[in-house]
Amino acid sequence: VIVVCDASRLQRNLNLLIQISEITPHILLCVNLLDEAKANGITPDITALERLLGIPAVGTSAGKGTGVAAVASRIHEAAENPESGISLRYTDELEKAIANLLPIIKAPVGKERFFAMRLLEGDAGFLLEHDEYSVTDEAALNAEKERLRGIGLDSEAINAEAVHTISEYAAAICRRAIKRTGKESPASSRADRILCGRLTGFAAMAMLLAVIFWITIVGANYPSEALSSLFGKFEGVLHRALAAVGAAEWLIGMLIFGIYRTLAWIVAVMLPPMAIFFPLFTLLEDIGYLPRIAYNLDRCFAACGSCGKQSLTMCMGLGCNAAGVVGARIIDSEKERLIAILTNAFMPCNGRFPALVTVITVFFSAGTGLPSVVCALILAAVILLGVIFTLIASRLLSSTILHGKPSSFILEMPPYRKPNIPRVIVRSMLDRTVFVLGRAVMIAIPAGLLIWLLANITLGGVTLLSHICLFLEPLAALCGMDGVILAAFLLGLPANEIVLPIILMAYTSGSELTEAGAMRPANGWSIKTALCFLIFSMAHFPCSTTLISVKKETGSTRWMLIAAALPTLFGAFTCMLVNLIFSVFS
């Protein structure tokens with residue numbers, strides 16, 4: 001087992017190594033981030049660590065490639081190590097209890113003490129997961145536990161005592177194997193006083209969010225226009241080519257006005273903002289700021305009866321709600337995990353993000369002449385509204401159907417690091433932008449075909465798409481929108497990326513896709529319409545992929561339906577409230 005430890009936080013990291021030593025002596029210690037530790041006045045003595053622990057140890061700075069080859073060269077030495085030099089001894093009462101249990105347990109050689117401690121700590125699931133461990137005398141085990149309870153050592157106290165003993169052992173090793181020069185830089189502390197302060201932390205988050213959105217909105221305009229122009233020119237070439245080979249008009253309409261225009265519009269609208277936003281978001285990860293966001297929001301989630309880890313899954317939802325749902329596995333409490341799963345859709349994923357940028361840019365900036373910085377603040381306000389909805393929904397769930405005691409949340413703050421720009425670009429472009437765009441393209445092809453069919457097949461002289469829009473008109477009007485917008489959200493269930501293409505096609509009298517400028521007063525759009533669209537786009541049922549992920553993670557159709565209904569109710573109610581306010585003051 002190769003145990004990788006942070007050289008600047010060696011004492012806490014050694015806790016894991018000490019516990020692993022109870023299972024196997026075949027351990028290789030890799031003390032990483034030596035360069036960062038040195039910058040903070042910390043110098044681990046690798047030779048002393050080897051002597052004290054009785055296992056091979058290697059110092060590395062993996063980011064620079066230093067010492068990595070030595071890790072590979074010493075693996076065999078670790079595999080052949082007969083025993084470690086770690087001799088952990090608990091309190092006299094615990095050692096007596098372990099000695100009493102050893103005759104009545106069966107465990108692999110060298111793992112008897114480890115198994116005895118699992119029994120004393122009350123790890124009920126251990127026996128179910130490991131067939132090679134067993135107890136030959138249940139009565140004797142229960143009698144020993146009862147004896148310990150009689151002297152104040154229940155399972156929780158035993159666990160606390162074990163943690164304390166391991167921590168003290170690690171501290172003793174570090175006192176002998178670490179040299180401190182006292183040159184630790186206070187730069188991180190100064191930055192954290194601002195970025196993690198009770199008041200300044202939230203202001204910093206809002207400001208960073210607004211700056212990122214401003215850069216995204218301003219930077220995406222020009223490449224988006226260039227891509228639209230390029231796709232427009234190629235459309236003419238494609239149209240003439242199909243006409244030259246004698247393709248039927250219906251086939252040309254289906255391929256060009258349905259599939260091609262939907263595909264081209266999605267790429268032109270989605271690619272530029274994603275290519276800007278995701279590298280900036282990845283940059284915050286690389287610098288070490290995202291854990292600070294989780295730290296700031298931890299107090300908010302704790303006040304809502306939830307777990308601070310939910311803030312991490314919420315941040316994941318900005319990339320993909322399905323990923324946020326699966327990421328909720330990091331939460332130990334079943335009830336708190338459900339809360340994180342059910343509320344993740346309040347975060348606008350990458351499929352909804354370009355639609356938000358487009359509507360704000362087209363309607364507010366081009367339509368009203370507002371500067372781009374105001375548009376960035378509007379987008380930041382929409383995201384913050386999603387955070388507020390998440391907190392309110394978490395509070396409602398934790399105090400009603402998912403009532404329970406909040407669990408603890410321990411988060412280690414990583415040091416601020418100089419970002420690796422090439423790695424940021426590769427990660428953001430390949431892992432996020434290209435992946436998401438590829439998914440959108442695959443969905444856009446059948447979606448474009450379906451939209452075109454609905455917009456061109458008539459029933460009673462009216463297209464099927466118009467029938468759907470007219471049916472939904474009364475409900476949509478209550479929410480400050482129209483039937484076209486609500487129909488687009490419903491038909492966009494497979495993927496949020498196709499919501500705007502459906503709206504635009506419906507506004508062209510149901511024949512073909514047009515430009516985003518169709519979202520103007522000529523089609524009934526107003527400031528109220530745009531605001532309600534932004535709110536409902538941020539808070540409505542998630543895509544089918546996310547809903548399937550909810551069902552898989554919870555194993556219940558009921559929770560999947562609640563995950564769909566919860567954000568929809570929040571979004572619809574808020575839109576109705578906005579509609580009412582505009583009606584009163586108009």
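Modeller: First, a definition. A helix here is a DSSP run of H or I with at least four residues, and helices are numbered from the N terminus. The model itself is predicted.

Biologist: Which helix gives the most to the nonpolar patch?

Modeller: Helix α12, with four residues. The patch is on the surface and consists of M207, V211, W214, I215, V373 and L377. Together they have about 540 Å² of accessible area. Two elements each give two or more residues: α12 (200–244) and α19 (372–398).

Biologist: Why is I215 called partly exposed?

Modeller: I215 sits in helix α12. Its relative accessibility is 33%. Buried means under 20% and exposed means over 50%. The 33% of I215 falls in between, so I215 counts as partly exposed. A patch residue needs over 30%. I215 has 33%, so it passes that cut-off too.

Biologist: What makes I287 partly exposed?

Modeller: The relative accessible area of I287 is 26%. That value lies between 20% and 50%, so partly exposed is the right term. I287 belongs to helix α13 (residues 249–287).

Biologist: Which residues is I287 in contact with, leaving aside its neighbours within four places in sequence?

Modeller: P415, Y416, R417 and P419. Contact means heavy atoms within 4.5 Å. I287 and Y416 are 129 residues apart in sequence, yet their C-alpha atoms are 5.4 Å apart in space.

Biologist: Y295 next. Why is Y295 called partly exposed?

Modeller: Its relative accessible area is 38%. The limits are 20% and 50%, and 38% lies in between, so the term fits. Y295 is in helix α14 (residues 290–303). Not counting residues up to four places away in sequence, Y295 touches C196, L411 and M413. From Y295 to L312 the C-alpha distance is 9.4 Å, with their positions 17 residues apart in sequence.

Biologist: How do you know that the span of helix α1 agrees with its twelve residues?

Modeller: Take one less than the number of residues, times 1.5 Å. For α1 (residues 10–21) that should give 16 Å. The end C-alpha atoms are 16 Å apart, so the two agree.

Biologist: Which residues of α1 are buried?

Modeller: L10, N13, L14, N15, L17, I18, I20 and S21. Their cover includes β1 (2–6), β2 (28–32), β3 (42–44), α3 (46–53), α10 (155–177) and β7 (178–180).

Biologist: And α9? How do you know that its buried residues line one face of the helix?

Modeller: The buried residues are L141, E144 and L148. Seen down the axis of α9, they fall within an arc of 65°, so they line one face. An α-helix has 3.6 residues a turn, so residues three or four places apart point the same way.

Biologist: What do the buried residues of α9 pack against?

Modeller: They pack against α6 (92–101), α7 (112–120), β6 (134–135) and α10. The face turned away from the buried side carries the exposed residues A139 and G150. The span of α9 (residues 138–150) also checks out: 18 Å expected for 13 residues, and 18 Å between the end C-alpha atoms.

Biologist: Last one. What is the phi of L33?

Modeller: About 65°, a positive value, although L33 is not a glycine. Most residues other than glycine have a negative phi. L33 lies in the loop between β2 and α2 (34–39).

Biologist: Is L33 buried or exposed?

Modeller: Buried. Its relative accessible area is 17%. The cut-off is under 20%, so L33 meets it.

Terms used
Residues are numbered from 1 along each chain as its sequence is written. This is a predicted model: local features need pLDDT of at least 70, side-chain atom pairs count only at pLDDT 80 or more; totals for chains, interfaces and linings use all residues. Side-chain values use heavy atoms; hydrogens and water are left out. Patches are made of residues with over 30% relative accessible area and no salt bridge: like charges are joined within 9 Å, nonpolar side chains (Val, Leu, Ile, Met, Phe, Trp, Tyr) within 5 Å. Accessible areas come from the Shrake-Rupley method with a 1.4 Å probe; for residues, only the protein chains shown count as cover. A salt bridge is a side-chain nitrogen of Lys or Arg within 4 Å of a carboxyl oxygen of Asp or Glu. Buried means under 20% relative accessible area, exposed over 50%, partly exposed in between (1.4 Å probe, protein chains only). The arc is that of the directions from the helix axis to the C-beta atoms.
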